[in-house]
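Reader: I'm new to this one and would like a close look at a single part of it. Could you walk me through the second largest pocket, and then show me what else is worth seeing around it?

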There are 2 protein chains.
Amino acid sequence: MCDRGAELVSSAELADGSGTTAAQVRKDLSNFGSFGKRGQGYAVEELRARLESILGLVRPRRVAVVGAGKIGSALLGYRDLTSRGFEIIVAFDIDPDKVGRTVFGVPVLPMNELEHRLAADGIEIVILATPPAVAQEVANRVTSAGVAGILSFAASKLETDGSLAVRWMDVALELEGLSFLISAATNGVEEP
Amino acid sequence: MCDRGAELVSSAELADGSGTTAAQVRKDLSNFGSFGKRGQGYAVEELRARLESILGLVRPRRVAVVGAGKIGSALLGYRDLTSRGFEIIVAFDIDPDKVGRTVFGVPVLPMNELEHRLAADGIEIVILATPPAVAQEVANRVTSAGVAGILSFAASKLETDGSLAVRWMDVALELEGLSFLISAATNGVEEP
DNA sequence: ATGTTCTTGTGAACTCTTTCACAAGCCTCG
DNA sequence: CGAGGCTTGTGAAAGAGTTCACAAGAACAT
Ligand SMILES: NC(=O)c1ccc[n+]([C@@H]2O[C@H](COP(=O)([O-])OP(=O)(O)OC[C@H]3O[C@@H](n4cnc5c(N)ncnc54)[C@H](O)[C@@H]3O)[C@@H](O)[C@H]2O)c1
Ligand SMILES: NC(=O)c1ccc[n+]([C@@H]2O[C@H](COP(=O)([O-])OP(=O)(O)OC[C@H]3O[C@@H](n4cnc5c(N)ncnc54)[C@H](O)[C@@H]3O)[C@@H](O)[C@H]2O)c1
């Protein structure tokens, strides 16, 4: 909307564009203050700035990827992250064939430099893209290196202290969700 | 648990392993019938079978990937999907350099064969991994081909009729969530 | 048999989220 | 300047989802 030069946007328009309702948009935003203009809507540029600050993206977040395999490499080439406020600074891998290369402009470093470089580069978020079997071990090292958040692609439970935020992305789980919806829409539940 | 040969599992154990509470597990399962054994727990093998049938995964679901780029190719090599009940049968791309090849054992076909092959191969779910700009167009074609669900990696709104289920996976959105949690844990919201 | 120990299944209570509905405020136009 | 048209912000109502707490049953030892 900023790019299109729109000045104002109503809660109804925002709701439309994001699959929710106008009341929901207003209620949600009101949790962070009241910065709309009655009779007008929200000033687009101000709203953008507010959301940026609510999300903690006033400065770009510094991100590292651990595991430069299939999914890890794909992420290293995911250009859109920059425009959403994230910079992938560095990647790590244990495979000697991968270490030392540069993938989509991002250097792949060996695991023995992990803690040192996470700290030196001021990494705030680690994207975990190793096999599930080693995810816990990597998470431990990342935690002790003082990183603030982990986004894990490994579908394994991670035991962490409360000192960092953890989220998962699980493709199979989403497919299961789709499968459930599809079943519900057609057969209903099929007896086992 | 089946592999480990466990016979029975309690709601408390299930809760433990999945980050929820025992009461929640029981309430959720009770929505689909009552198949636990009082005093004992749930029979592991029966529970597996029930969940499989609830999720509609008694038979593997047939999946196609559209867009064999960075993320699309990674998915074609995602072996764990098979064990979770999904078979990636085929991929499609518009780039002549990609069409005709086989990526991780999956053939990449040209877009002009899309509708025909989706139908011929009995594809139920399409994973959308094209640039966002063409996602809507592809979604339209996929819809009219009678596919039942779409999992989109493109962070663009898709307009679809109610005939299919749609889900999104948005890496940047998850990172934004992490960033918010991190901010909340440290500064609080920073003024814009 | 009976008592003990366990764990499910589930109403009822509680908490959290969403929707409703309208006063308050801003802008434009006559 | 006041009326009319919009849209926000927000209490209150309605609706969902979660947790509590306990009766009902199952196994097993005595
Ligand atoms: N491929 C996909 O599309 C996909 C999709 C979703 C999730 N996942 C998950 O993401 C993870 C990675 O999957 P992938 O398909 O990219 O696998 P992959 O084998 O291609 O990549 C894994 C990478 O991790 C590296 N690695 C192994 N042990 C390591 C260690 N101890 N420390 C650091 N690096 C180590 C390997 O050298 C390899 O480069 C898995 O947990 C997988 O389940 C994959
Ligand atoms: N790279 C990542 O890690 C990543 C992560 C999450 C989401 N995404 C999203 O996934 C999508 C793909 O990203 P990518 O990084 O793989 O890009 P990419 O450019 O590597 O791949 C896109 C592929 O789509 C093909 N394509 C283009 N137009 C097409 C059309 N009309 N029909 C069929 N195929 C077409 C291209 O030939 C290319 O192979 C984008 O929407 C991106 O935002 C990417």
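Author: Here is a walk through that pocket, followed by a helix pair, a loop residue and the overall build of one chain.

Keep in mind as you look that this is a predicted model. Let's start with the space itself: the second largest pocket holds about 2,100 Å³. Its lining is made up of 43 residues. If you want to find the middle of the pocket on screen, look for A:Leu173, A:Glu176, B:Ser18, B:Leu51 and B:Arg84, the lining residues that lie nearest its centre. As those names show, both chain A and chain B take part in the lining.

Which elements give two or more residues to that lining? From chain A there is helix H8 (171–185). From chain B come helix H1 (11–18), helix H2 (22–30), helix H3 (44–54), helix H5 (80–83), strand E9 (165–168) and helix H8 (171–185). So you'll meet an H8 from each chain in that list. The largest share belongs to H3(B), with six residues. As for the chemistry of the wall, 21 of the lining residues are nonpolar, 14 are charged and eight are polar.

Now hop over to chain A for a helix pair. Helix H1 (residues 11–18) of chain A packs against helix H2 (residues 22–30) of chain A, with the axes 7 Å apart and an angle of about 105° between them. Angles of 65 to 115 degrees count as roughly perpendicular, which is why H1(A) is described that way relative to H2(A). On the H1(A) side the contact is made by A:Ser11, A:Ala12, A:Leu14 and A:Ala15, and on the H2(A) side by A:Ala22, A:Val25 and A:Arg26. Sorted by class, the residues of this contact are five nonpolar, one polar and one charged.

Next, a backbone detail. Most residues other than glycine have a negative phi. A:Phe104, though, has a positive phi, near 50°, and sits in the loop between strand E5 (102–103) and strand E6 (106–110) of chain A. Over in chain B, B:Phe104 also has a positive phi near 50°, and its place is in the loop between strand E5 (102–103) and strand E6 (106–110) of chain B.

Finally, step back to chain A as a whole. Its secondary structure comes to eight helices and nine strands. The C-alpha trace spans about 60 × 55 × 30 Å along its principal axes. Chain A has a radius of gyration of 21 Å, whereas a compact globule of 192 residues would come in near 16 Å.

Definitions and conventions: Residues numbered from 1 in each chain as written. Chains lettered and ligands numbered in written order. Predicted model: local features only at pLDDT ≥ 70, side-chain atom pairs only at ≥ 80, totals over all residues. Heavy atoms only, no water. 1 Å grid on protein atoms, 1.4 Å probe; cavity = no way out; pocket = protein on both sides within 12 Å on 5 of 7 lines; lining within 4 Å. Points joined across faces, edges and corners; volume = space filled by probe spheres on them. Helix = DSSP H or I, 4+ residues; strand = E, 2+ residues; numbered from the N terminus. Nonpolar A, V, L, I, M, F, W, Y, C, P; charged D, E, K, R; others polar. Axes fitted to C-alpha atoms, helices over the stretch in contact; angles between N-to-C directions. Parallel < 35°, antiparallel > 145°, perpendicular 65-115°, else oblique. Contact = heavy atoms within 4.5 Å. Rg over C-alpha atoms; globule rule 2.2 N^0.38 Å.
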